[in-house]
Amino acid sequence: MKKIYLMIGFVFILLTYFLLYVKPLYSKLTWTSVNICHTIQGDAHVISKNDTHFLIDTGTHREAPLYLVPFLKKHHIHTIEAILITHPHFDHYGGVVDILEANITVKKIYMNMPTKEQMHKEWWGGEYKHLITIQKSAKKYHTELLPITQGLKLSFDSHSYIDVLYIYDGIHTPIGKTSINDMSAVTMLVDGKNKFMLTGDLDKDIGKYLADHSKKLEADMLKVPHHGATTLAPHSFFKVVHPKEIIVTAPQALWCSQRCKDIRDFAKKEHYQTYVNGFNGDITVTSYNNKYIITTEKSPKELCKEGQ
Ligand SMILES: [Zn+2]
C-alpha cells in the first residue's frame with residue numbers, strides 16, 4: 001500500500017514538473033506574412049505567442065484597411081504590444097493610422113524619422129506629411145512613439161524575441177549617405193533554435209556592407225528585402241544568411257516581372273523554397289522552439305510561367 005502512495009506522489013511531482021517547466025517550451029510562436037500584395041507591394045508581419053502580438057510593418061494605406069485590419073479582427077487581436085516600422089516608406093508605414101483608428105490598442109510604435117530632405121529626395125517612397133500624421137495619431141491614441149536602436153529587443157519571453165541587429169539613419173553610416181531603403185531595420189526573429197530574418201527593404205549598399213562585415217546573419221528563413229526587386233541586397237547577403245526558405249512580399253505581377261528576374265533565377269539556383277504573398281496568400285510560419293512548419297492560404301503548382 002505504501003508503495004502505491006509513493007508511486008502516486010512520484011507521478012504527481014513529475015506531472016507538476018512537466019506542466020511548470022516543460023510545457024512552456026512547446027508554446028508555439030506564429031509569424032504570418034499577411035497578404036497585402038493584391039495590387040501593390042507591401043509588408044505586414046504579425047508575430048504572436050501566448051496572446052502577445054507584435055507587428056513588423058503595416059503595408060499600404062490602400063490595402064491595410066482591406067486585408068490587415070480584417071486579419072487582426074478575425075484573429076481577435078485587440079491589443080498589440082508594439083509595431084515596428086522598418087523604414088519610412090508608404091508600403092511599410094501606410095497602415096499604422098488605419099490600425100489605430102480601428103479600435104485596436106497599440107502600446108508602442110518603433111519608427112525612425114528621416115529628415116524632411118531625405119523624404120523629399122525620395123518623393124516616390126512616401127511623404128513627410130504622412131509621418132507627421134502618424135505622430136499626431138500616436139498622440140491621440142496614447143501610443144508611445146519611440147526610435148529604433150541597434151540591440152532593441154521585443155520579447156515574448158527569454159527564448160522568443162525580435163532582435164534589432166542593425167539600423168542606420170541613412171546619413172551617418174559606415175559607408176556614408178544611403179537610400180531610405182538602407183535605413184531598414186535588420187531584425188532576427190528568434191524562437192529557441194529557430195531563426196527567421198526580416199529585413200524591410202534592405203538595399204544593395206548596406207546589404208553588401210553587412211554581407212562583408214557581419215557574422216550574425218545566418219537564419220533558417222529570410223523575408224526577402226525590397227519585395228525581391230532591384231536594387232535589393234546582393235547575392236552575397238543571401239549567401240551569408242544561407243536560408244532554406246524565403247518569403248517574398250510581392251504581388252504576382254511584380255514577382256514575375258523583369259525587376260525580380262535576378263533574384264528569381266538566384267533563388268532557383270540556390271534551391272530556396274520560395275513563398276510569394278501574391279501567389280500563396282497569407283504565409284504562416286509556426287515555430288515550436290526547434291522545429292517549424294510553413295502553411296499557406298493557397299498552394300499554386302508553379303509561380304511564374306517560366307517556372308520558378
Ligand atoms: Zn517596400
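## Contacts along the chain

In this predicted model, 67% of the contacts with a separation of 6 or more are between residues 24 or more positions apart. Burial is a good companion to that number: 44% of the 308 residues in the protein are buried.

## Overall dimensions

How does the radius of gyration sit against the globule rule? The protein has 21 Å, while a compact globule with 308 residues would have a value near 19 Å, so the two agree. Taken along the principal axes, the box filled by the C-alpha atoms is roughly 85 × 50 × 40 Å.

## Secondary structure and the open sheet

The protein holds 11 helices and 15 strands. Of the strands, 8 form an open sheet with mixed pairing. If you would like to trace this sheet in the viewer, follow the order E6-E5-E4-E3-E2-E1-E14-E15.

Which strands are the edge strands? They are strand E6, covering 144-146, and strand E15, covering 292-296, and each of them pairs on one side only. From one strand to the next, the twist averages 20°.

## A look at E3 and E4

Within the strand order, E4 is followed by E3, and this pair is a nice place to zoom in. Strand E3 spans residues 52-58 and strand E4 spans residues 79-84; the two run parallel and are joined by 3 bridges.

Which residue in E4 does phenylalanine 54 stand opposite? Its partner across the pair is alanine 82.

Conventions
Residues are numbered from 1 along each chain as its sequence is written. This is a predicted model: local features need pLDDT of at least 70, side-chain atom pairs count only at pLDDT 80 or more; totals for chains, interfaces and linings use all residues. Helices (H or I, at least four residues) and strands (E, at least two) are DSSP runs, numbered from the N terminus. The radius of gyration is taken over C-alpha atoms; the globule rule is 2.2 Å times the number of residues to the power 0.38. A residue is buried if 20 or more other C-beta atoms lie within 10 Å of its own, exposed if 12 or fewer, and partly exposed in between; C-beta atoms are placed from the backbone. Two residues are in contact if their C-beta atoms, placed from the backbone, lie within 7 Å. Two strands pair if DSSP finds at least two bridges between them. Axes are lines fitted to C-alpha atoms, for helices over the stretch in contact, and angles run from 0 to 180 degrees between N-to-C directions.
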